[in-house]
Amino acid sequence: MAASNKSTLATPERLYPNLVGGVIEALETIFGMDVYADKAIERLFKANRKWGARDRAFVAESVYEIVRHWRLLWYLLGENPSLKRKKLYKIFALYRLFSGKWLPGDDPKWSDIASEWPLIQKRLDQINDPNIRESFPDWLAELISPNKEWTTLAHTLNQPAGLHLRVNTLLTTREAVIERLKAEGVEATLLPYSNVGLQLSERVNVFRLESFHEGLYEVQDGGSQLIAPFLNPKPGERVIDACAGAGGKSLHMAALMRNKGQIIAMDVEEHKLSELRRRAARNRVDNIETRPIEGSKTIKRLHHSADKLLLDVPCTGTGVIRRNPDTKWKLRDEYFQRVLSIQREILDTYTDMLKPGGTLVYATCSLIDDENRRQVEAFLERKKGEYTLITDKQILPTELDADGFYMALLQKNG
Ligand SMILES: C[S@@+](CC[C@H](N)C(=O)[O-])C[C@H]1O[C@@H](n2cnc3c(N)ncnc32)[C@H](O)[C@@H]1O
């Protein structure tokens, strides 16, 4: 957080106590009850239906910014993190001052923080450690930072992410969608690095637009839009998307395949596949068949059946920290180890579904090498010459306006 006088949102004329109270309540839920920020905010909004768009934006922005800079704010205060209300109000006030936002100076609630400001500024000037400055736990920074410009990357991961769309080329073109959005009052421009991508000039709720309900586009980060073309599925092929979730990449592959051939979209969570079916109907995609994974039999039945295979595996989500800043505080080593072992198992067993000579993409939204290149190298070694790594790529938010992704293209030798 750079001290600045600019707020991305209109600052309310007053700091309404109920809104500030909402921010505090959300922080208590996030840190005290281990609830993700988006869910905590959703809950808060449901309980306060009278809040208007501006109120909601104020609460959401304040909560996200405080979560992003949680370590730094407590460091500046010179105290250990606490969930005591009084302390949280102090953290809120510090966040306002620090980001150059207006704080009512004559309110006694904020007076002590205002008097501590010179000391706080001194502490700030003396920080040399990027993990404190950019608020990352040391253990996580150690995992992400090797071979990367850490200071810049950590800073970039604290910038709110933009809103990207993937245009459904089965129904329309990027240019036509730009025009359509304009008529609906939304400004969009071409996303330079994805030939189906658009970026919106401001965050708007596109889900309420008619153009969205017509299936003309999906909300999908630009980095994520690079994964389906990396596998390059062709019309008429049989493709398996083994960790399809709600189908962001299945739908993209269907468009690349011109709706011809077959995509088998699998996941261990059936509710995600039912969301995928809803999205497919909206996108007028009819070459996707969903199949829940109920055990090893589901995989065995598809032995040697796919021309192409996408393994978009569960991961730590460290590439999407811009969107989910609480990952920094919620991620535990135990979960990290579990995810590594699930990835290993998916690689070892799901690759049986690929035909000899077929290609697969292993992908994560992680910035940690253990989940990425190292995971792939270990797989190649275990499989002793059965597979060849064709190429791999790490997308960094410092290089593209995108979330962080890793993708590796492998061939099953014939
Ligand atoms: C990164 S997400 C997939 C996102 C999705 N491909 C998309 O583009 O929207 C990983 C998915 O893997 C699923 N998953 C977790 N464990 C799995 C397993 N053992 N086999 C298959 N899928 C699994 C999760 O439910 C989650 O939907």
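Let me begin with residues 153-414, where the chain is 31% helix and 24% strand and where the C-alpha atoms at the two ends stand 40 Å apart. This stretch carries a UniProt annotation, from an unreviewed entry, that reads "domain: SAM-dependent MTase RsmB/NOP-type". Please keep in mind throughout that we are looking at a predicted model.

The domain assignment divides the protein chain into domain 1 (17-127), domain 2 (164-219) and domain 3 (224-412). Between the centres of domain 1 and domain 3, taken over C-alpha atoms, the separation is 37 Å. The contact between these two draws 8 residues from domain 1 and 5 residues from domain 3. On the side of domain 1 that touches domain 3, helix H3 (residues 53-68) gives the most, with 3 residues, and that side as a whole consists of 6 nonpolar and 2 charged residues, with no polar ones.

Staying in domain 1 for a moment, I would like to look at helix H5, which covers residues 85-98. H5 has 14 residues and reaches 20 Å from its first C-alpha to its last, close to the 20 Å expected at 1.5 Å a residue. Is this helix enclosed by the rest of the structure or open to the outside? Of its 14 residues 10 are buried, so H5 is largely enclosed by the rest of the structure. The buried residues of H5 include Leu88 and the run from Lys90 through Phe98, and they pack against helix H1 (17-32), H3, helix H4 (70-77) and helix H6 (108-125). Thus H3, which gives the most to the side of domain 1 touching domain 3, is also one of the helices that the buried residues of H5 pack against. Just after H5 comes glycine 100, with a positive phi of about 70°.

Now to the ligand. Which residues come nearest to it? Among the 17 residues around the ligand, those that come nearest are Cys243, Gly245, Gly248, Lys249 and Asp312. Helix H13 (248-256) and helix H17 (333-350) each supply at least two residues of the shell, and by character the shell comprises 9 nonpolar, 3 polar and 5 charged residues.

Asp312 brings us to the record, since UniProt, again in an unreviewed entry, places the feature "binding site" at Asp267 and Asp312. Although these positions are spread over 46 residues of sequence, they cluster in space, the largest C-alpha distance being 10.4 Å. Aspartate 267 lies in strand S6 (residues 262-267), and aspartate 312 in strand S8 (residues 306-312). Aspartate 267 counts as buried because it has 22 C-beta neighbours inside 10 Å, and aspartate 312 is buried too, with 26 other C-beta atoms within 10 Å. Setting aside neighbours within four places in sequence, aspartate 267 is in contact with Cys243, Ala244, Gly245, Lys272, Leu273, Pro292 and Ile293, while aspartate 312, on the same terms, is in contact with Ile227, Cys243, Lys249 and Ala363. Cys243 therefore appears in both contact lists, given the 7 Å limit between C-beta atoms that defines a contact.

Two further buried positions deserve a mention. Threonine 364, in strand S9 (residues 354-364), counts as buried because 27 C-beta neighbours lie inside 10 Å. Beyond four places in sequence, threonine 364 is in contact with Val313, Cys315, Glu371, Asn372 and Tyr406. From arginine 85, threonine 364 is 279 residues away in sequence and 38 Å away in space, C-alpha to C-alpha. Valine 177, in helix H10 (residues 174-183), counts as buried with 21 C-beta neighbours inside 10 Å, and, not counting residues up to four places away in sequence, it touches Val167, Thr172, Ala188, Leu198, Ser211, Leu216 and Tyr217.

Finally, a word on backbone angles. Most residues other than glycine have a negative phi. Asparagine 232, however, has a positive phi near 55° and sits in the loop between helix H12 (227-231) and strand S5 (238-241). Arginine 258 likewise has a positive phi of about 55° although it is not a glycine, and its place is the loop between H13 and S6. Are these residues buried, exposed or partly exposed? Asparagine 232 counts as partly exposed, with 13 C-beta neighbours inside 10 Å, and arginine 258 is partly exposed, with 13 other C-beta atoms within 10 Å.

Key:
Residues numbered from 1 in each chain as written. Predicted model: local features only at pLDDT ≥ 70, side-chain atom pairs only at ≥ 80, totals over all residues. Near = placed C-beta within 6 Å. Helix = DSSP H or I, 4+ residues; strand = E, 2+ residues; numbered from the N terminus. Nonpolar A, V, L, I, M, F, W, Y, C, P; charged D, E, K, R; others polar. Domains from an automatic or database assignment. UniProt positions renumbered as here; feature names shortened; annotations may be inferred. Buried ≥ 20, exposed ≤ 12 C-beta atoms within 10 Å, placed from the backbone. Expected span 1.5 Å × (residues − 1).
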